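Reader: Hey, got a minute to walk me through this one? I'd like the layout before I set anything up.

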Amino acid sequence: MTRVAFIGLGHMGMPMARTLLKAGHALTVYDLSAPAVAALVEAGAAPAASPAAAARTAATVVTMLPAGPQVRAVYLGPEGVLAAAPPGTLVIDCSTIDVATARAVSAAAADAGLEMVDAPVSGGVAGAAAASLTFMVGGSDGGFARARPLLAAMGKAVIHAGAAGAGQAAKICNNMLLGISMIGTCEAFVLAERLGLAPDKLFEIAAQASGQCWSLTAYCPVPGPVPASPANRDYAPGFTAAMMLKDLTLAQGGGAPTPLGAAAAALYGQFVEGGGGDTDFSGIITMLRRRGAP
Ligand code: NAD
(Lines give C-alpha, C1' and ligand atoms only; values in the text may rest on other atoms or scores of the structure.)
Protein backbone atom coordinates (compact mmCIF):
# COMPACT_ATOMS: atom_id res chain seq x y z
CA MET A 1 0.00 0.00 0.00
CA THR A 2 1.26 3.49 -0.78
CA ARG A 3 1.74 6.26 1.76
CA VAL A 4 -1.12 8.75 2.01
CA ALA A 5 -0.86 12.26 3.46
CA PHE A 6 -4.13 13.08 5.26
CA ILE A 7 -4.78 16.73 6.17
CA GLY A 8 -7.84 17.77 8.23
CA LEU A 9 -8.69 15.38 11.05
CA GLY A 10 -12.05 16.68 12.26
CA HIS A 11 -15.46 15.01 12.61
CA MET A 12 -15.12 13.50 9.13
CA GLY A 13 -11.40 13.36 8.47
CA MET A 14 -10.59 11.48 11.68
CA PRO A 15 -12.76 8.41 10.95
CA MET A 16 -11.81 8.49 7.24
CA ALA A 17 -8.11 8.47 8.14
CA ARG A 18 -8.68 5.64 10.60
CA THR A 19 -10.35 3.63 7.82
CA LEU A 20 -7.28 4.07 5.60
CA LEU A 21 -4.99 2.96 8.42
CA LYS A 22 -7.16 -0.14 8.99
CA ALA A 23 -7.00 -0.85 5.23
CA GLY A 24 -3.21 -1.05 5.54
CA HIS A 25 -2.12 2.34 4.17
CA ALA A 26 0.84 4.13 5.72
CA LEU A 27 -0.40 7.57 6.75
CA THR A 28 1.27 10.93 7.38
CA VAL A 29 -1.17 13.34 9.05
CA TYR A 30 -1.43 17.08 9.63
CA ASP A 31 -4.03 19.24 11.40
CA LEU A 32 -3.94 22.57 13.26
CA SER A 33 -5.26 20.61 16.24
CA ALA A 34 -2.42 18.87 18.10
CA PRO A 35 -4.80 16.48 19.95
CA ALA A 36 -6.27 15.34 16.62
CA VAL A 37 -2.79 14.58 15.27
CA ALA A 38 -1.86 12.82 18.53
CA ALA A 39 -4.94 10.58 18.30
CA LEU A 40 -3.94 9.42 14.80
CA VAL A 41 -0.29 8.97 15.79
CA GLU A 42 -1.55 6.74 18.59
CA ALA A 43 -3.35 4.71 15.92
CA GLY A 44 -0.16 4.30 13.86
CA ALA A 45 0.15 7.41 11.64
CA ALA A 46 3.26 9.58 11.33
CA PRO A 47 2.90 13.30 12.21
CA ALA A 48 3.92 16.16 9.89
CA ALA A 49 4.69 19.78 10.81
CA SER A 50 2.93 21.38 7.81
CA PRO A 51 0.87 20.48 4.73
CA ALA A 52 4.08 20.71 2.69
CA ALA A 53 5.92 18.30 5.00
CA ALA A 54 3.03 15.85 4.80
CA ALA A 55 2.81 16.09 1.00
CA ARG A 56 6.54 15.50 0.55
CA THR A 57 6.20 12.00 2.04
CA ALA A 58 3.29 10.63 0.04
CA ALA A 59 2.10 9.52 -3.40
CA THR A 60 -1.43 10.68 -2.60
CA VAL A 61 -2.72 13.63 -0.55
CA VAL A 62 -6.26 13.68 0.90
CA THR A 63 -7.73 16.82 2.50
CA MET A 64 -10.92 17.14 4.58
CA LEU A 65 -11.15 20.81 5.62
CA PRO A 66 -14.00 23.08 6.70
CA ALA A 67 -14.40 25.44 3.70
CA GLY A 68 -12.80 27.23 0.73
CA PRO A 69 -10.41 29.54 2.67
CA GLN A 70 -8.83 26.60 4.53
CA VAL A 71 -8.49 24.65 1.26
CA ARG A 72 -6.75 27.64 -0.37
CA ALA A 73 -4.41 27.97 2.62
CA VAL A 74 -3.51 24.28 2.74
CA TYR A 75 -2.89 23.98 -1.01
CA LEU A 76 -1.67 27.42 -2.08
CA GLY A 77 -0.07 28.78 1.12
CA PRO A 78 3.73 29.13 1.59
CA GLU A 79 3.92 25.82 3.50
CA GLY A 80 1.18 24.36 1.31
CA VAL A 81 0.75 21.11 -0.59
CA LEU A 82 1.50 22.56 -4.03
CA ALA A 83 4.84 23.97 -2.89
CA ALA A 84 6.13 20.52 -1.98
CA ALA A 85 4.25 17.62 -3.59
CA PRO A 86 6.42 15.79 -6.15
CA PRO A 87 5.12 16.01 -9.76
CA GLY A 88 2.63 13.26 -10.51
CA THR A 89 1.22 13.24 -6.96
CA LEU A 90 -2.53 12.57 -6.81
CA VAL A 91 -4.37 15.13 -4.64
CA ILE A 92 -7.95 14.57 -3.51
CA ASP A 93 -9.95 17.30 -1.77
CA CYS A 94 -12.95 15.80 0.05
CA SER A 95 -14.04 19.09 1.69
CA THR A 96 -17.31 20.75 0.63
CA ILE A 97 -16.33 24.09 -0.92
CA ASP A 98 -17.45 26.50 -3.65
CA VAL A 99 -17.03 25.45 -7.26
CA ALA A 100 -14.85 28.46 -8.18
CA THR A 101 -12.27 27.66 -5.48
CA ALA A 102 -12.28 23.97 -6.45
CA ARG A 103 -11.57 24.89 -10.09
CA ALA A 104 -8.90 27.46 -9.16
CA VAL A 105 -7.01 25.06 -6.87
CA SER A 106 -7.31 22.27 -9.45
CA ALA A 107 -5.82 24.54 -12.14
CA ALA A 108 -2.95 25.53 -9.82
CA ALA A 109 -2.35 21.84 -9.05
CA ALA A 110 -2.20 21.05 -12.77
CA ASP A 111 0.32 23.88 -13.25
CA ALA A 112 2.45 22.24 -10.53
CA GLY A 113 2.33 18.91 -12.39
CA LEU A 114 -0.14 17.28 -9.99
CA GLU A 115 -3.38 15.42 -10.69
CA MET A 116 -6.26 16.80 -8.59
CA VAL A 117 -9.86 15.71 -8.09
CA ASP A 118 -12.57 17.26 -5.94
CA ALA A 119 -14.39 14.47 -4.09
CA PRO A 120 -16.91 15.81 -1.56
CA VAL A 121 -18.90 13.26 0.39
CA SER A 122 -22.39 12.43 1.56
CA GLY A 123 -23.13 10.13 4.48
CA GLY A 124 -22.03 12.13 7.51
CA VAL A 125 -19.96 11.06 10.50
CA ALA A 126 -21.74 7.70 10.71
CA GLY A 127 -20.96 7.02 7.04
CA ALA A 128 -17.33 8.03 7.57
CA ALA A 129 -17.01 5.67 10.56
CA ALA A 130 -18.67 2.80 8.68
CA ALA A 131 -16.71 3.46 5.44
CA SER A 132 -20.04 3.82 3.63
CA LEU A 133 -19.69 7.36 2.24
CA THR A 134 -20.85 8.41 -1.22
CA PHE A 135 -18.13 10.33 -3.10
CA MET A 136 -19.01 12.69 -5.96
CA VAL A 137 -15.88 13.27 -7.99
CA GLY A 138 -14.86 16.09 -10.32
CA GLY A 139 -11.76 15.75 -12.46
CA SER A 140 -10.28 14.05 -15.51
CA ASP A 141 -11.01 10.42 -16.42
CA GLY A 142 -7.43 9.58 -15.47
CA GLY A 143 -7.67 11.37 -12.13
CA PHE A 144 -10.93 9.61 -11.35
CA ALA A 145 -9.45 6.21 -12.20
CA ARG A 146 -6.46 6.87 -9.94
CA ALA A 147 -8.57 8.18 -7.03
CA ARG A 148 -11.27 5.53 -7.18
CA PRO A 149 -9.59 2.65 -5.24
CA LEU A 150 -8.65 4.88 -2.29
CA LEU A 151 -12.11 6.46 -2.18
CA ALA A 152 -13.76 3.04 -2.48
CA ALA A 153 -11.91 2.00 0.70
CA MET A 154 -13.79 4.79 2.54
CA GLY A 155 -17.17 4.58 0.84
CA LYS A 156 -19.94 2.55 -0.71
CA ALA A 157 -20.28 4.62 -3.91
CA VAL A 158 -17.74 6.59 -5.96
CA ILE A 159 -19.37 8.51 -8.82
CA HIS A 160 -17.61 10.53 -11.54
CA ALA A 161 -19.68 13.72 -11.81
CA GLY A 162 -17.65 15.42 -14.57
CA ALA A 163 -14.68 17.76 -14.94
CA ALA A 164 -12.97 19.72 -12.10
CA GLY A 165 -15.56 21.30 -9.79
CA ALA A 166 -18.38 18.94 -10.86
CA GLY A 167 -18.13 16.99 -7.59
CA GLN A 168 -18.67 20.23 -5.66
CA ALA A 169 -21.57 21.18 -7.96
CA ALA A 170 -23.24 17.81 -7.27
CA LYS A 171 -22.71 18.18 -3.51
CA ILE A 172 -24.16 21.70 -3.43
CA CYS A 173 -27.25 20.65 -5.44
CA ASN A 174 -27.76 17.58 -3.24
CA ASN A 175 -27.44 19.51 0.00
CA MET A 176 -29.77 22.28 -1.13
CA LEU A 177 -32.37 19.57 -1.79
CA LEU A 178 -31.60 18.03 1.62
CA GLY A 179 -31.97 21.35 3.47
CA ILE A 180 -35.31 22.03 1.77
CA SER A 181 -36.58 18.47 2.39
CA MET A 182 -35.54 18.56 6.05
CA ILE A 183 -37.43 21.80 6.65
CA GLY A 184 -40.45 20.36 4.79
CA THR A 185 -40.34 17.22 6.90
CA CYS A 186 -40.07 19.26 10.12
CA GLU A 187 -43.01 21.46 9.05
CA ALA A 188 -45.13 18.35 8.41
CA PHE A 189 -44.45 17.07 11.96
CA VAL A 190 -45.19 20.48 13.51
CA LEU A 191 -48.43 20.67 11.50
CA ALA A 192 -49.35 17.14 12.66
CA GLU A 193 -48.79 18.20 16.28
CA ARG A 194 -51.11 21.20 15.83
CA LEU A 195 -53.73 19.00 14.11
CA GLY A 196 -53.61 16.38 16.88
CA LEU A 197 -52.09 13.68 14.67
CA ALA A 198 -49.59 11.42 16.50
CA PRO A 199 -46.04 11.77 15.07
CA ASP A 200 -45.55 8.01 14.78
CA LYS A 201 -48.74 7.81 12.73
CA LEU A 202 -47.56 10.58 10.39
CA PHE A 203 -44.27 8.69 10.04
CA GLU A 204 -45.97 5.34 9.34
CA ILE A 205 -48.26 6.84 6.72
CA ALA A 206 -45.92 9.31 4.97
CA ALA A 207 -43.16 6.67 4.81
CA GLN A 208 -45.53 4.64 2.61
CA ALA A 209 -47.08 7.57 0.77
CA SER A 210 -45.93 10.30 -1.58
CA GLY A 211 -44.31 12.39 1.17
CA GLN A 212 -41.59 9.78 1.62
CA CYS A 213 -38.03 11.16 1.53
CA TRP A 214 -34.59 10.56 3.13
CA SER A 215 -35.14 13.29 5.75
CA LEU A 216 -38.22 11.36 6.92
CA THR A 217 -37.22 7.71 6.72
CA ALA A 218 -33.44 7.81 7.32
CA TYR A 219 -33.02 10.93 9.48
CA CYS A 220 -36.42 11.52 11.06
CA PRO A 221 -36.44 14.87 12.96
CA VAL A 222 -38.69 13.58 15.78
CA PRO A 223 -37.55 10.93 18.30
CA GLY A 224 -38.81 7.37 17.97
CA PRO A 225 -39.39 6.17 14.42
CA VAL A 226 -35.71 6.07 13.28
CA PRO A 227 -33.53 5.03 16.26
CA ALA A 228 -30.26 6.22 14.64
CA SER A 229 -31.47 9.77 13.94
CA PRO A 230 -30.04 12.67 16.04
CA ALA A 231 -33.57 13.50 17.29
CA ASN A 232 -33.10 10.58 19.71
CA ARG A 233 -29.95 12.20 21.18
CA ASP A 234 -31.30 15.70 21.74
CA TYR A 235 -30.06 16.69 18.25
CA ALA A 236 -26.35 16.11 18.95
CA PRO A 237 -24.63 16.19 15.51
CA GLY A 238 -24.35 14.41 13.02
CA PHE A 239 -24.27 17.22 10.54
CA THR A 240 -24.40 20.62 12.18
CA ALA A 241 -26.85 23.37 11.25
CA ALA A 242 -23.82 25.63 10.69
CA MET A 243 -22.50 23.24 8.01
CA MET A 244 -25.93 23.08 6.38
CA LEU A 245 -26.07 26.89 6.35
CA LYS A 246 -22.64 26.91 4.69
CA ASP A 247 -23.86 24.57 1.93
CA LEU A 248 -27.13 26.49 1.42
CA THR A 249 -25.13 29.71 1.17
CA LEU A 250 -22.88 28.09 -1.48
CA ALA A 251 -26.04 27.11 -3.39
CA GLN A 252 -27.22 30.73 -3.33
CA GLY A 253 -23.99 31.70 -5.07
CA GLY A 254 -24.76 29.35 -7.97
CA GLY A 255 -26.65 31.85 -10.12
CA ALA A 256 -29.87 29.80 -10.46
CA PRO A 257 -33.38 30.84 -9.42
CA THR A 258 -33.87 28.81 -6.22
CA PRO A 259 -36.61 30.46 -4.14
CA LEU A 260 -37.02 27.45 -1.82
CA GLY A 261 -33.24 27.20 -1.47
CA ALA A 262 -33.19 30.89 -0.51
CA ALA A 263 -35.96 30.34 2.05
CA ALA A 264 -34.09 27.34 3.50
CA ALA A 265 -30.88 29.41 3.75
CA ALA A 266 -32.80 32.19 5.55
CA LEU A 267 -34.40 29.74 8.03
CA TYR A 268 -31.09 28.00 8.79
CA GLY A 269 -29.54 31.48 9.15
CA GLN A 270 -32.12 32.32 11.84
CA PHE A 271 -31.56 28.97 13.57
CA VAL A 272 -27.78 29.45 13.64
CA GLU A 273 -28.12 33.08 14.79
CA GLY A 274 -30.36 31.89 17.62
CA GLY A 275 -27.62 29.57 18.91
CA GLY A 276 -28.41 26.41 16.94
CA GLY A 277 -25.19 26.29 14.91
CA ASP A 278 -23.66 23.34 16.74
CA THR A 279 -26.97 21.47 16.83
CA ASP A 280 -27.72 18.80 14.26
CA PHE A 281 -29.47 20.33 11.24
CA SER A 282 -32.63 18.29 11.95
CA GLY A 283 -32.90 20.28 15.22
CA ILE A 284 -34.41 23.15 13.22
CA ILE A 285 -37.76 21.54 14.14
CA THR A 286 -37.31 23.03 17.63
CA MET A 287 -37.26 26.56 16.15
CA LEU A 288 -40.30 25.89 13.95
CA ARG A 289 -42.22 24.36 16.88
CA ARG A 290 -41.65 27.48 19.00
CA ARG A 291 -43.33 29.71 16.43
CA GLY A 292 -46.94 30.74 16.78
CA ALA A 293 -49.54 30.14 14.05
CA PRO A 294 -49.15 32.49 11.06
P1 NAD B 1 -14.46 19.83 11.26
O2 NAD B 1 -14.52 21.27 11.53
O3 NAD B 1 -14.86 18.85 12.30
O4 NAD B 1 -12.96 19.40 10.80
C5 NAD B 1 -12.11 20.21 10.06
C6 NAD B 1 -10.68 19.94 10.50
O7 NAD B 1 -9.81 20.72 9.68
C8 NAD B 1 -10.40 20.34 11.95
O9 NAD B 1 -9.77 19.29 12.61
C10 NAD B 1 -9.50 21.56 11.83
O11 NAD B 1 -8.57 21.69 12.88
C12 NAD B 1 -8.80 21.27 10.51
N13 NAD B 1 -8.26 22.48 9.87
C14 NAD B 1 -8.86 23.66 9.67
N15 NAD B 1 -8.04 24.51 9.04
C16 NAD B 1 -6.88 23.83 8.83
C17 NAD B 1 -5.65 24.16 8.22
N18 NAD B 1 -5.43 25.35 7.70
N19 NAD B 1 -4.69 23.21 8.20
C20 NAD B 1 -4.90 21.99 8.72
N21 NAD B 1 -6.06 21.61 9.31
C22 NAD B 1 -7.02 22.54 9.37
O23 NAD B 1 -15.32 19.60 9.92
P24 NAD B 1 -15.99 18.24 9.41
O25 NAD B 1 -17.32 18.05 10.03
O26 NAD B 1 -14.96 17.15 9.51
O27 NAD B 1 -16.24 18.61 7.87
C28 NAD B 1 -15.17 18.70 6.96
C29 NAD B 1 -15.77 18.92 5.58
O30 NAD B 1 -16.65 17.85 5.24
C31 NAD B 1 -16.59 20.22 5.47
O32 NAD B 1 -16.33 20.82 4.25
C33 NAD B 1 -18.03 19.72 5.55
O34 NAD B 1 -18.93 20.57 4.87
C35 NAD B 1 -17.92 18.37 4.88
N36 NAD B 1 -18.94 17.40 5.30
C37 NAD B 1 -19.21 17.22 6.62
C38 NAD B 1 -20.18 16.30 6.99
C39 NAD B 1 -20.53 16.07 8.45
O40 NAD B 1 -21.51 15.36 8.72
N41 NAD B 1 -19.77 16.62 9.41
C42 NAD B 1 -20.85 15.54 6.02
C43 NAD B 1 -20.52 15.71 4.68
C44 NAD B 1 -19.54 16.65 4.33
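Author: Sure, let's go from the overall build down to a few local details. Keep in mind that this is a predicted model.

Reader: Okay, how many helices and strands does the protein have?

Author: There are 13 helices and nine strands. The radius of gyration is 20 Å, close to the 19 Å that the globule rule gives for 294 residues, so the protein is as compact as a globular protein of that length.

Reader: And what does the C-alpha trace span along its principal axes?

Author: About 65 × 40 × 35 Å.

Reader: Which domains is the protein divided into?

Author: Domain 1 covers 3-163 and domain 2 covers 169-290. Their C-alpha centres are 29 Å apart.

Reader: What's the area buried between domain 1 and domain 2?

Author: About 800 Å² is buried between the two domains, and carbon and sulfur atoms give 70% of that. On the domain 1 side, Thr 96, Val 99 and Met 136 lose the most area to domain 2, together 45% of what that side buries.

Reader: How many residues are in contact there?

Author: Twelve from domain 1 touch nine from domain 2.

Reader: Any polar stuff holding my interest at that interface? How many salt bridges and polar contacts does the rule find across it?

Author: For salt bridges, the rule finds zero across the interface of domain 1 and domain 2. For polar contacts, it finds three residue pairs, with both residues at pLDDT 80 or more. By class, the domain 1 side that touches domain 2 has nine nonpolar, two polar and one charged residues.

Reader: So how many salt bridges turn up in the whole structure?

Author: Two. One of them pairs the side chains of Glu 193 and Arg 289, at 3.0 Å from N to O.

Reader: Where do Glu 193 and Arg 289 sit along the chain?

Author: Glu 193 is in helix H8 (residues 166-195) and Arg 289 is in helix H13 (residues 284-290). The two are 96 residues apart, so to speak a link between distant parts of the chain.

Reader: Staying with helix H8, what is Ser 181 in contact with?

Author: Ser 181 is in helix H8 as well. Leaving aside neighbours within four places in sequence, Ser 181 is in contact with Cys 213 and Ser 215. With Ser 215 there's a side-chain polar contact of 2.7 Å.

Reader: How far is Ser 181 from Leu 260?

Author: They're 79 residues apart in sequence and 9.9 Å apart in space, C-alpha to C-alpha.

Reader: Switching to backbone geometry. Which peptide bond is cis?

Author: The one from Pro 237 to Gly 238, with omega near 10 degrees. Gly 238 is in the loop between helix H10 (214-217) and helix H11 (241-252).

Reader: And what about phi of Ala 131?

Author: That phi is near 55 degrees, which is positive in a residue other than glycine. Ala 131 lies in the loop between helix H6 (124-129) and strand S8 (133-138).

Reader: Why flag those two spots?

Author: Because most residues other than glycine have a negative phi, and most peptide bonds are trans.

Conventions. Residues are numbered from 1 along each chain as its sequence is written. Side-chain values use heavy atoms; hydrogens and water are left out. Domain bounds come from an automatic or database domain assignment. Contact means heavy atoms within 4.5 Å. Buried area is the accessible area (1.4 Å probe) that two parts lose on being put together, summed over both. A salt bridge is a side-chain nitrogen of Lys or Arg within 4 Å of a carboxyl oxygen of Asp or Glu. A polar contact is a pair of N or O atoms within 3.5 Å; within protein, one must be able to donate a hydrogen and the other to accept it, and residues adjacent in sequence count only if both atoms are side-chain atoms. Ala, Val, Leu, Ile, Met, Phe, Trp, Tyr, Cys and Pro count as nonpolar, Asp, Glu, Lys and Arg as charged, and the others, Gly among them, as polar. Helices (H or I, at least four residues) and strands (E, at least two) are DSSP runs, numbered from the N terminus. The radius of gyration is taken over C-alpha atoms; the globule rule is 2.2 Å times the number of residues to the power 0.38.
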